[in-house]
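Welcome! Take a moment to look over the sequence and turn the 3D view around before reading on. The notes below are grouped by topic so that you can follow along.

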Amino acid sequence: MERTTTVRIDEQGRLYVPKPVREALGIEGESRNIEITIRVED
């Protein structure tokens, strides 16, 4: 399954996947491994 969203990475390198995206992926409230592809936008 694949979903696309845009998120910010904080100054410590952390990112937050919003709840609606986690729900759409079926992983809300679960510990899961996910694959992330990163493209830097200006």
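What you see is a predicted model. The protein has 42 residues, of which 5% count as buried. Its secondary structure comes to one helix and zero strands.

**Overall shape and surface**

- If you follow the C-alpha trace along its principal axes, it spans about 30 × 20 × 15 Å.
- The protein exposes about 4300 Å² of surface, and 45% of that area is supplied by carbon and sulfur atoms.
- Helix 1 covers residues 19-25, and Leu15 is found in the segment before it.
- Met1 also belongs to the segment before helix 1, while Val40 lies in the segment after helix 1.

**Salt bridges**

- Here is a useful general idea: side chains of opposite charge can pair when their charged atoms come close.
- How many salt bridges does a search of the whole structure find? The search finds four, and three of them are described below.
- One of them joins the side chains of Asp10 and Arg14, with 2.9 Å from N to O.
- Are these two partners buried, exposed or partly exposed? Asp10 has a relative accessible area of 27%, so it is partly exposed; Arg14 has 48%, so it is partly exposed too.
- Another salt bridge links Arg22 with Glu28, where the closest N and O atoms are 2.7 Å apart.
- Glu28 has a relative accessible area of 32% and is therefore partly exposed.
- A further salt bridge brings together the side chains of Arg32 and Glu30, at 3.5 Å from N to O.
- Glu30 is partly exposed because its relative accessible area is 46%, which falls between the cut-offs of 20% for buried and 50% for exposed.

**The largest pocket**

- About 1000 Å³ of space lies in the largest pocket.
- Which residues lie nearest the centre of this pocket? They are Arg3, Thr4, Thr5, Ile36 and Thr37, out of a lining of 24 residues.
- Sorted by class, the lining of the largest pocket has 12 nonpolar, seven charged and five polar residues.

**A nonpolar surface patch**

- Val7, Ile9, Leu15, Ile34, Ile36, Ile38 and Val40 make a nonpolar surface patch of about 640 Å².
- You have already met Ile36, one of the residues nearest the centre of the largest pocket; Ile36 is also part of this patch.
- Leu15, another member of the patch, counts as partly exposed because its relative accessibility is 34%.
- Val40 belongs to the patch as well, and at 72% relative accessibility it counts as exposed. The reason is that exposed means over 50%.

**Distances along the chain and in space**

- Try finding Met1 and Val40 in the view: they are 39 residues apart in sequence, and their C-alpha atoms are 22 Å apart in space.
- Met1 is exposed, with a relative accessible area of 73%.
- Now go from Val40 to Gly26: this pair is separated by 14 residues in sequence and by 26 Å in space, C-alpha to C-alpha.

How values were computed
Residues are numbered from 1 along each chain as its sequence is written. This is a predicted model: local features need pLDDT of at least 70, side-chain atom pairs count only at pLDDT 80 or more; totals for chains, interfaces and linings use all residues. Side-chain values use heavy atoms; hydrogens and water are left out. Buried means under 20% relative accessible area, exposed over 50%, partly exposed in between (1.4 Å probe, protein chains only). On a 1 Å grid over the protein atoms alone, a cavity is a set of points where a 1.4 Å probe fits but cannot get out, and a pocket is an open set with protein on both sides within 12 Å along at least five of seven lines; lining residues have an atom within 4 Å of a point. Grid points are joined across faces, edges and corners, and a volume is the space filled by probe spheres set on the points. Ala, Val, Leu, Ile, Met, Phe, Trp, Tyr, Cys and Pro count as nonpolar, Asp, Glu, Lys and Arg as charged, and the others, Gly among them, as polar. Helices (H or I, at least four residues) and strands (E, at least two) are DSSP runs, numbered from the N terminus. Accessible areas come from the Shrake-Rupley method with a 1.4 Å probe; for residues, only the protein chains shown count as cover. Patches are made of residues with over 30% relative accessible area and no salt bridge: like charges are joined within 9 Å, nonpolar side chains (Val, Leu, Ile, Met, Phe, Trp, Tyr) within 5 Å.
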